[in-house]
Amino acid sequence: MDDPDCIYTIFDNKCKAAGITGTWVTPDTLSVTAFRPVLSNTRDQVSKYVSKDSTNIYHLKFPFIFSEPILTDFVGETCAIFRTLRTIKSSEQKVDYVKISQSYRSTIRTYLEKLQDSIASASDEALIERHKNLITQLYYTECIWHLCEILFVDRVVSGMIVLKLMEWIRFHIPQSERLATELLINGREADSHEDYWTVVRDLILQGQVEVARALLKLHSSSESLTFQITEQILKAMPVFNNYGGLPIQKFRSQWQYWITDTRSKLSTGVLMEQPELETIVLLAIGDEMAWTEQAKMSDCWYEYLPGYLFYTEPTCKFFELGTFAGQWLTRWMGAHGHRESVAMKQLDRVILSVMENDMHQVLHDIQNIYDNKWFVTHLTDLLHSCGQLEVIGEQQTNVASELRDSLIFEYGCILMSQREFWIFGMDYLEYGPPEGLGAVEIYLSKLPIYSDDDAEQILIAAKEKGLPSIERDVCRVVSARYLSEGDFGNALVWGVRSQDNIYVTSIADIFLNYYCKHGEILCPEVLPQIASKMFVSPRLVFLVKYYDFHQFYKRKEFPQAAELLINLLDSRITPEFFWPTLLADTIPLLESSDPKIPSKETTQIIHHLEAEFLPLVEKVKQITAIGGEMKTPILNHTRFQDIEELIKLLRMAAARNLARMLIIENTVL
């Protein structure tokens, strides 16, 4: 978060000479090109940079940090939490927002541990450095999120937050508690450890009085008078409980009495022989000089704030926290020798803004965390969902809803632009502003398709969102890819799935043209597959039926083959270029020694030949006459080089078959 700004160098002479301008293309892509500033006093003349070399456009894209292999599942897991929250809200069930918040934090902690384990076992210095940066980002995120959870999501009825702030510090600065645990395990004479008194003092500073007392009992001099007096003082200390116990006024009375009594004991000098114990007791009664002195020892301003409030303002409420935090910050800076405000680290600034309930500043600052807007998007969504987000806009109205929708939309667009994460981006766009569905359609249409699995995923998504145009385009793209690879079978299958009449017709024509030229059906294995499809176009029907004709003929089921062939002639769906081939297919059946085509159907063949095919040939000849030379395109699609010879053969075969069938059909047996 506190890294210096990244600097990108563009090696372009025109940009260097003229200057540059930039435009955001997508939320994470900046388009930069050479540009000469035009001002009100600029002369209206042709730029001196015109026609000098080409003008390049550069796209600067922020890396997507979740593409780091160890974090790839993070997006999916947190998206599932986001989706769960939206689903529960849409069902009007009661939402446990604390549980939702804890789920987010638990996921962050899981990946913090994975990153730490990775560093421990890695030898690649570049990887170690990347993972250290990621740990810093995720730690900041979890620390701020936890504080927001305490102050905004998990508010206690009384509004008193000191004990929860102490839990927050214990969780995020656990070093003293961990070492205390080791000392307690070791048992007696724990004071032999060089950090014994440091640990005891830090525990007191964090408000962990009970643990500090347990360590004091392990001291080798714990039976001495000074230790006994200290134990009695700490044991008698009143502790305010948020969830019951003494009324506030009675607690304040007892607390003030305890402080007065303790100061009286200290004034006798009873603890002067043990300055460490005296310091501990002074801290416990909130002595200003003692706390100022200890403030010098902390690296971050808020480390001892919860403990200080525990001893001085134990009944502090949420709305008072900002004031007390500001006062403590002033004390902390003074202890470090800063008379005026100094530049703070980003984490320190955000924590102060959270405590001051300045959510506008909080959301502004956390957008600078380098996580592709993950944190600000999900925290804003959670706080808005539980009704704890108020951001005042220029019109002095709460614009939290508009801000939430904007962030959700932007984050969804960022995910949709990533090949590995687009499927999660749809969830965010679906639950964002109304224009989200339009963005889904645009991004789906631009997704790269490298395999059938990619296409199937996009098709499923398009079907779920009710986007038939995307389904059609995806199928056409895959079909075209197979065509370019020479895989005509898959090209036809995907073409049929597109349900695009014009496109399917063009694919079917490829199959029919191939047969016309080579006398072989292209990719026969796919034709039975598409025959069962609900969607048909005339050309596809013709192709499949013509394939069926060949299957009948192959199995020597000549009556069925002849019937199907006549039906194709009658159907008027035969492509013009296929007429010669289709009519030629009747010749073997007409010339068979065992007649296959009855007289009525033979007459139909003659009719198609004379009334339809011959006029077609004449029309094409007239249209394609070039310089007196007749060039008939029909012949470009057939194996027959002499159309007149084909017509002659058809007439003779039909005449002979008709004569034979008339004799057979009129002979009385």
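Here is a short chat about two cavities and one helix pair in this predicted model.

Biologist: What makes H16 and H17 roughly antiparallel to each other?

Modeller: Helix H16 (residues 359–366) and helix H17 (residues 374–385) pack at an angle of about 150°. Angles over 145 degrees count as roughly antiparallel, so that is the name this pair gets. Their axes are 9 Å apart, and H16 passes H17 in a left-handed crossing.

Biologist: Which residues make the contact?

Modeller: From H16, Met-359, Leu-363 and Ile-366; from H17, Phe-375, Val-376, Leu-379, Thr-380 and Leu-383. They split into seven nonpolar, one polar and no charged.

Biologist: Why is the space lined by Ile-65, Phe-66 and others called a cavity?

Modeller: A cavity is a set of points where a 1.4 Å probe fits but cannot get out, so that is the test behind the word. The search of the whole structure turns up two cavities of 30 Å³ or more, and the largest has a volume of about 70 Å³. Its lining includes Ile-65, Phe-66, Leu-134 and Trp-374. Helix H4 (residues 125–153) gives the most to that lining, with four residues.

Biologist: How do you know that the lining of the second largest cavity has no polar and no charged residues?

Modeller: Go through the list: Phe-511, Leu-512, Tyr-515, Ile-521, Leu-522, Leu-527, Leu-543, Tyr-546 and Tyr-547. Phe, Leu, Ile and Tyr count as nonpolar, so the tally is nine nonpolar, no polar and no charged. This cavity has a volume of about 40 Å³. The lining of the largest cavity, by contrast, divides into eight nonpolar, two polar and one charged.

Methods
Residues are numbered from 1 along each chain as its sequence is written. This is a predicted model: local features need pLDDT of at least 70, side-chain atom pairs count only at pLDDT 80 or more; totals for chains, interfaces and linings use all residues. Side-chain values use heavy atoms; hydrogens and water are left out. On a 1 Å grid over the protein atoms alone, a cavity is a set of points where a 1.4 Å probe fits but cannot get out, and a pocket is an open set with protein on both sides within 12 Å along at least five of seven lines; lining residues have an atom within 4 Å of a point. Grid points are joined across faces, edges and corners, and a volume is the space filled by probe spheres set on the points. Helices (H or I, at least four residues) and strands (E, at least two) are DSSP runs, numbered from the N terminus. Axes are lines fitted to C-alpha atoms, for helices over the stretch in contact, and angles run from 0 to 180 degrees between N-to-C directions. Angles under 35 degrees count as roughly parallel, over 145 as roughly antiparallel, 65 to 115 as roughly perpendicular and the rest as oblique. A crossing is left-handed if the near helix is turned anticlockwise from the far one by less than a right angle, and right-handed if clockwise. Contact means heavy atoms within 4.5 Å.
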